[in-house]
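This briefing walks through the structure shown below, topic by topic, for a reader at the bench. The sheets and their helices are taken up before the contact between the chains.

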Number of protein chains: 2
Amino acid sequence: MTYMKEDIRSGGEFGFISEIRKMFPEKTSIKGIGDDCAILPQRSGLSTLMSTDMLVEDIHFILSKTDPFRLGWKSLAVNLSDMAAMGGKPVASLLSLALPSNLPAGWLERFMEGYRDISARYDTVLAGGDTSSSKDRLFISVAVVGECPEGGALTRAGARPGDLVCVTGILGESAAGLDIILGGGARNEEDLRLVRRHFMPEPRVREGQLLASVPGVHSMMDLSDGVASDIRRIMEESSVGAEMDSRNPAYFGEHALDGGEDYELLFTVDPSAQKSLPVEHFVIGKITDSGRLVWRDSDRDFCGFRHF
Amino acid sequence: MTYMKEDIRSGGEFGFISEIRKMFPEKTSIKGIGDDCAILPQRSGLSTLMSTDMLVEDIHFILSKTDPFRLGWKSLAVNLSDMAAMGGKPVASLLSLALPSNLPAGWLERFMEGYRDISARYDTVLAGGDTSSSKDRLFISVAVVGECPEGGALTRAGARPGDLVCVTGILGESAAGLDIILGGGARNEEDLRLVRRHFMPEPRVREGQLLASVPGVHSMMDLSDGVASDIRRIMEESSVGAEMDSRNPAYFGEHALDGGEDYELLFTVDPSAQKSLPVEHFVIGKITDSGRLVWRDSDRDFCGFRHF
């Protein structure tokens with residue numbers, strides 16, 4: 001049994017909930033949709049990780065320009081990326097939707113199909129949520145719960161002077177995809193690839209867990225706002241500085257540094273551990289003890305290769 | 001350290017987040033605001049409970065008629081009530097806010113003070129969340145995580161024919177409070193009490209844990225939509241019927257049965273265990289094997305006494 005509450009004021013969407021129960025497979029270890037709370041097992045030696053992210057119409061997406069399947073995918077993807085950022089294994093999610101009355105027929109079903117597909121891909125159970133009506137705009141809020149070995153989560157706070165700053169993939173492709181969407185849509189295969197990078201990001205869940213298992217990896221986060229601002233969060237939490245490449249093979253297009261929504265992992269690693277990392281990556285900078293952020297004008301070779 | 005993410009598109013509310021860090025005390029066992037996920041310990045023999053509830057402007061509240069402190073309180077209260085409904089002990093919450101630009105000065109601070117006060121009252125840590133801007137309406141989504149002994153959660157599915165149907169307090173007072181608000185506000189002490197019942201419900205967290213520890217208590221849920229519809233959820237999940245009082249000392253005012261938002265606990269208990277329950281309550285019906293819901297026209301004595 002699994003659970004999802006529903007708001008009786010939304011017009012009694014009992015039909016929607018029973019549809020969801022049919023769409024989403026259950027796991028014997030997790031009780032979910034159909035009760036007040038979902039129930040998950042605990043085990044000594046593990047920690048629970050939890051995070052939440054929301055998508056708001058006309059702030060994070062334009063409804064008329066957004067495919068519902070892809071939005072369903074993205075709603076969970078951005079949350080799984082937070083889990084990946086700590087090295088966690090996602091276990092279950094809660095999905096809350098405030099639904100305007102003017103959604104096109106079939107829209108919600110397609111949204112839930114996207115949500116189901118990414119749930120299956122990352123072995124994450126939909127364990128509950130909440131539904132409501134909304135006066136005009138669509139609101140989507142997702143919370144995700146996962147786990148990691150006790151003491152094994154990678155935070156933003158562990159970066160050390162001398163660490164190399166790395167990313168797990170190309171930066172700026174999501175922003176380039178958004179430009180294509182806003183500019184009228186994809187015109188060729190490459191455009192389609194970039195649009196997909198924007199709408200259907202692949203959270204680096206496996207990579208995050210692998211990196212968290214390497215003792216030389218000292219800090220990690222996911223890139224949601226662009227490396228130019230996100231590196232500052234590691235600097236603040238770790239009380240360090242950074243020298244960052246302003247040109248690098250990892251950077252794509254105009255908005256590689258400030259575009260956001262790449263959902264790659266940004267991490268720092270001891271140079272002695274970097275060569276043998278089990279994950280493809282690019283080195284894009286170095287942690288310093290200066291407390292300041294410096295952009296250097298140099299090219300660097302990338303390590304690993306493009307894996308998408 | 002505790003965490004709350006913020007959306008850079010909301011205009012960089014770094015100030016807001018650092019204010020929150022100051023307002024909310026931390027617990028050494030929980031890492032929260034300031035990273036991608038919050039981290040909570042696990043222990044063998046316990047289960048994790050999780051739930052989520054949202055409040056949407058012009059659906060769940062009218063901004064101009066709502067005190068921000070009370071709305072902050074209520075945002076967490078309705079979630080803690082779900083935790084109470086399973087017999088769980090709340091541990092941590094995540095708070096997501098989509099904020100319109102036209103909020104009055106000081107509004108957000110008052111909202112957070114209400115959220116802080118109920119967090120302290122129920123010993124629950126604010127462990128993270130998300131903030132965003134919103135085009136016009138305010139959207140609040142809260143997720144709460146708690147725990148209970150493994151196998152000890154009370155679901156809606158355990159009711160047995162012969163069980164007495166009970167509630168932990170008076171029903172209909174929240175609806176009466178809403179009528180007073182919509183009718184122009186409180187005019188006397190009694191009005192104020194009812195308005196408070198609507199805006200600042202006291203989730204039955206302690207009562208829920210006590211009831212879950214009694215072997216004769218077979219099923220439980222919290223009353224958010226009114227007993228007339230909520231009893232049907234226990235009937236459905238337990239595959240039973242019910243005979244319910246249509247008049248009872250537990251019922252207050254016109255909307256005792258259909259008013260909703262009472263956030264009292266509805267539970268079923270073996271008659272042999274009912275007399276010695278450690279929690280004040282009213283008996284309002286009986287579980288049957290008929291599969292049907294019958295409203296009987298009778299008064300019953302109440303057990304326990306009014307505790308508010």
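**Sheets, helices and the interface of the two chains**

In chain A, six strands form an open sheet with mixed pairing, and their order is β8-β10-β7-β11-β9-β12. The model is a predicted one, and the points below should be read with that in mind.

**The sheet of chain A**

- The edges of this sheet are formed by β8 (217-222) and β12 (293-296) of chain A, each of which pairs on one side only, and the twist from one strand to the next averages 25°.
- At one edge, β8(A) pairs with strand β10 (residues 265-269) of chain A in the antiparallel sense, over five bridges, and within this sheet Met220(A) stands opposite Phe267(A) in β10(A).
- Helix α2(A) packs on the sheet, where it touches β8 and β10 of chain A, and its direction makes about 175° with that of β8(A).
- Helix α7 (residues 227-238) of chain A lies across β7 (164-167), β8, β9 (241-245), β10, β11 (282-288) and β12 of chain A, and it runs at about 140° to β12(A).

**The sheet of chain B**

- Chain B also holds an open sheet of six strands with mixed pairing, in the order β8-β10-β7-β11-β9-β12, and its edge strands are β8 (217-222) and β12 (293-296) of chain B, each pairing on one side only.
- From one strand to the next, the twist in this sheet of chain B averages 25°.
- Strand β7 (residues 164-167) of chain B and strand β11 (residues 282-288) of chain B are paired in the antiparallel sense over four bridges, with Val165(B) standing opposite Gly285(B) in β11(B).
- Helix α2 (residues 68-85) of chain B lies across β8 and β10 (265-269) of chain B and runs at about 170° to β8(B), while helix α7 (residues 227-238) of chain B packs on the sheet by touching β7, β8, β9 (241-245), β10, β11 and β12 of chain B, with its direction at about 140° to that of β12(B).

**The contact between chain A and chain B**

- The contact draws 69 residues from chain A and 69 residues from chain B, and the area buried between the two chains is about 6,000 Å², of which 54% comes from carbon and sulfur atoms.
- Across this interface there are 24 residue pairs in polar contact, counting pairs with both residues at pLDDT 80 or more.
- On the side of chain A that touches chain B, strand β3 (residues 46-56) of chain A gives the most, with 10 residues, and the residues of that side divide into 28 nonpolar, 17 polar and 24 charged.
- Strand β3(A) also pairs across the interface with strand β2 (residues 38-41) of chain B, in the antiparallel sense and over four bridges, and here Thr48(A) stands opposite Leu40(B) in β2(B).

**Salt bridges**

- Side chains of opposite charge can pair when their charged atoms come close.
- Six salt bridges are found across the interface of chain A and chain B, including one in which the side chains of Arg137(B) and Asp136(A) meet at 2.8 Å, N to O.
- Over all chains, a search of the whole structure finds 38 salt bridges, one of which joins the side chains of Arg137(A) and Asp58(A) at 2.7 Å, N to O.
- Because Arg137(A) lies in the loop between β5 (125-134) and β6 (139-149) of chain A, and Asp58(A) in the loop between β3 and α2 (68-86) of chain A, this pair ties together parts that are 79 residues apart in sequence.

Key: Residues are numbered from 1 along each chain as its sequence is written. Chains are lettered from A and ligands numbered from 1 in the order in which they are written. This is a predicted model: local features need pLDDT of at least 70, side-chain atom pairs count only at pLDDT 80 or more; totals for chains, interfaces and linings use all residues. Side-chain values use heavy atoms; hydrogens and water are left out. Contact means heavy atoms within 4.5 Å. Buried area is the accessible area (1.4 Å probe) that two parts lose on being put together, summed over both. A salt bridge is a side-chain nitrogen of Lys or Arg within 4 Å of a carboxyl oxygen of Asp or Glu. A polar contact is a pair of N or O atoms within 3.5 Å; within protein, one must be able to donate a hydrogen and the other to accept it, and residues adjacent in sequence count only if both atoms are side-chain atoms. Helices (H or I, at least four residues) and strands (E, at least two) are DSSP runs, numbered from the N terminus. Ala, Val, Leu, Ile, Met, Phe, Trp, Tyr, Cys and Pro count as nonpolar, Asp, Glu, Lys and Arg as charged, and the others, Gly among them, as polar. Two strands pair if DSSP finds at least two bridges between them. Axes are lines fitted to C-alpha atoms, for helices over the stretch in contact, and angles run from 0 to 180 degrees between N-to-C directions.
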